[in-house]
Amino acid sequence: MILWLSSCVGQQKQSNNSNLKGFEVKFLIGSDLAQFCQQAAAKLNQTQPKTNDGQKFYLTCEAKGSGDVVENVLTLAKQLQTGDITAENSGFPTLLSVDGEIYQSQLVYQMNKLFPGQDYIPKITDSPLIAYSPMVFMTTAELARGLETSNNLYTTLANTENHQQLDSNAPPIPVSYVHTAPTRSNSGLQTLVAQFASVANKQPEQLTITDVEQHQQQVKQIQSKITRYGKSTGNLARSMVENGVFWASVGSVYESLVISANTQSPDTGTKYKAIYPQATFSSNMRAMLPDAPWNSSTEKEAATKIIEFMRQPEIQQIATDLGLRPGVPGVALGNKFTSQYGVVPQPNYESYRPPEPEVVEAMLNSWQTYAKKSSLVAVVIDTSGSMRGTKLTAMKNTLLNYIQNLGTKEKIALISFNSQINPPVIIEGTKEGKNRGIQFISNLQADGGTRLYDSSLYARNWLLKNLRPDAINAVSILTDGQDSGSQINLEQLSQQLKASNFESGENIAFFTVGYGNEEQFNREALQKIAELNAGYYRQGDPRTISNLMADLQVEF
């Protein structure tokens, strides 16, 4: 849902909460600013803010991936351009922010293509800085020493098999690497740009489309060490902590997440450290107030007051407490910016600037079609009798979207099960492959029991026989019921799956989706299956399953 203020004051949404008076100002933000925005909003709303003419307003925050922020705003703008909606539409946001300047530059570029010369989205220099957090390499303190001596960390990752080759005192842990998907996440996009800048030995703003073409093979070599992509940088960093160094020994994340890892995981005994490249992105989080027809003068006034409030020193202190660096000078960093939390108070690095938007587009296209690590995913589909009706219809639509969004680097094996386990149907991201997949899901029917454990093991065994060492290998399970009729129990399945997890070296991840009401399926079993194999469990229903699966597809 996009955050919004309608452009006519008389139509502004009124609060249903008796404690909040006036019209609602929602701030659409990138995920790394979420906690700061929420805490700042609570403090602002306690003051019962007003515009100069006495109109009360209050602030709420909603966080999305930076790519999703940009996509949502552009989708509304396109509908405005075609006349499908008017400027009074309640979907338009008043304030927005992304977690770095590349996505802001892309938004300015794309919006100007839709509305030439209108300058609806402010330039970077006209957008006040709220906070920032430099991109770093996160690793354990034990593995950090070898990486700290490298002059080019990306080349080191690509050309090194294990960490003992970098530091004789380190254990021979395989080098494995994670970052988020650049199509959805700011940290992933900044990481991709930094990789091209590193291998081309140029500043990002100096890169050309020709540079992208000439150096995509080197970027592909870096991408070969990827364990998994992800939508959220925060979730990726947490997964590093939860799954350990065999899952990912190095990750490209925000500095704030290294602080968070050392704050929230004291009982693991593992300390994490931020390694600062010689040049990196500062991840500047700026407040954008569109000068656009969907924002009235009253809304702009309220938004301006919100920005001023967030930049006050006492509110900026909230950012530093969360591990973000302040957006205004003179604010003390506090005790979290120390070696105890794995960071350097005053790191010495060159701050990158964004490339030209056309070059960024070329990088994303190169990543999707060439450099991105391939994937092979066994999608296990419950077609038991309880899936009859709207569940099966929604599931078919979800699988249709999944198949239609397959990239050329992705291959899936569709395995349907009920009382029987059907042989896999292999689908590639080609026109012919997608047509085969659509035909397959069209013929799905609901009947029979739920051999969940047997089908999970069947999918894992099929992957082991067809394992692609150069790809991300994973199992995705969609079920609405508890196991019935399997020849093995959960404990036996668990023992089997341990033989193919990341500590075993087979690196097969499991992702489980409980579909419908939780009392209908065994949540604990689905969580255990996923957690044993470095994945995660989610709950979905006919209303949310498509978005859930779209987010899951980003992982690989």
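Is Ser133 buried or exposed? Select Ser133 and see. This is a predicted model, and in it Ser133 is buried, with a relative accessible area of 0%. That value falls under the 20% cut-off for buried residues.

**Stop 1: Ser133 and its surroundings**

Keep Ser133 selected. The residue sits in the loop between strand S4 and strand S5 (135-140). Now show its side chain. A polar atom there lies 3.3 Å from the backbone nitrogen of Glu255. The backbone nitrogen of Ser256 is also a partner, with 3.0 Å between it and a polar atom of the Ser133 side chain.

Next, display what touches Ser133. Leave aside neighbours within four places in sequence. The contacts then include Asp32, Tyr254, Phe281 and Ser282. Ser283, Met285, Gly323 and Leu324 are also among them.

**Stop 2: the sheet around S4**

Select S4, residues 129-132. Colour S11 and S12 as well. The three strands form an open sheet in the order S11-S4-S12, with antiparallel pairing. Strand S11 (284-286) and strand S12 (325-326) are the edges, each pairing on one side only.

Strands in a sheet are held in pairs by backbone hydrogen bonds, in a parallel or an antiparallel sense.

Look between S4 and S11. Three bridges join these antiparallel strands. To find one position, select Tyr132, which stands opposite Asn284 in S11.

**Stop 3: Ser283**

Where is Ser283? Select it in the loop between strand S10 (279-280) and S11. Check its backbone. Ser283 has a positive phi of about 55 degrees, although it is not a glycine. Its relative accessibility is 2%, so Ser283 counts as buried. Ser283 also appears among the contacts of Ser133.

**Stop 4: H1 against H11**

Select helix H1 (residues 34-46) and helix H11 (residues 313-321). Their axes come within 9 Å and cross at roughly 150 degrees. That angle makes H1 roughly antiparallel to H11. The crossing of H1 past H11 is right-handed.

Show the side chains where the two meet. On H1, pick Phe36, Gln39, Ala40 and Lys43. On H11, pick Ile315, Gln316, Ile318 and Ala319.

**Stop 5: Gln48**

Move on to Gln48, in the loop between H1 and strand S2 (57-64). What is its phi? Gln48 has a positive phi of about 50 degrees, and it is not a glycine. Gln48 is partly exposed, with a relative accessible area of 47%.

**Stop 6: strand S14**

Now select strand S14, residues 374-382. How many of its nine residues are buried? Nine of the nine are, so S14 is largely enclosed by the rest of the structure.

Colour the two faces separately. One side carries Ser374, Leu376, Ala378, Val380 and Asp382. The other carries Ser375, Val377, Val379 and Ile381. Both faces are covered.

Add the partner strands. Which strand pairs with S14 over eight bridges and spans residues 471-479? That is S17, and the pairing is parallel. Select Ser374 to find one match: its bridge partner in S17 is Ala471.

Then show strand S15, residues 410-417. Eight bridges join S15 to S14, and the two run parallel. Here, select Ser375, which stands opposite Glu410 in S15.

**Stop 7: H13, Thr393 and H18**

Select helix H13, residues 390-404. Pick out Thr393 within H13. Thr393 is partly exposed, with a relative accessible area of 46%. Draw a distance from its C-alpha atom to that of Ser419. The two residues are 26 residues apart along the chain, and their C-alpha atoms are separated by 20 Å.

Keep H13 on screen and add helix H18 (residues 545-554). The axes of H13 and H18 come within 9 Å and cross at roughly 30 degrees. This crossing makes H13 roughly parallel to H18. The crossing is right-handed.

Finish with the side chains of this contact. H13 contributes Ala394, Thr398, Asn401 and Tyr402. H18 contributes Ile545, Ser546, Met549 and Gln553.

Conventions: Residues are numbered from 1 along each chain as its sequence is written. This is a predicted model: local features need pLDDT of at least 70, side-chain atom pairs count only at pLDDT 80 or more; totals for chains, interfaces and linings use all residues. Side-chain values use heavy atoms; hydrogens and water are left out. Two strands pair if DSSP finds at least two bridges between them. Helices (H or I, at least four residues) and strands (E, at least two) are DSSP runs, numbered from the N terminus. Buried means under 20% relative accessible area, exposed over 50%, partly exposed in between (1.4 Å probe, protein chains only). A polar contact is a pair of N or O atoms within 3.5 Å; within protein, one must be able to donate a hydrogen and the other to accept it, and residues adjacent in sequence count only if both atoms are side-chain atoms. Contact means heavy atoms within 4.5 Å. Axes are lines fitted to C-alpha atoms, for helices over the stretch in contact, and angles run from 0 to 180 degrees between N-to-C directions. Angles under 35 degrees count as roughly parallel, over 145 as roughly antiparallel, 65 to 115 as roughly perpendicular and the rest as oblique. A crossing is left-handed if the near helix is turned anticlockwise from the far one by less than a right angle, and right-handed if clockwise.
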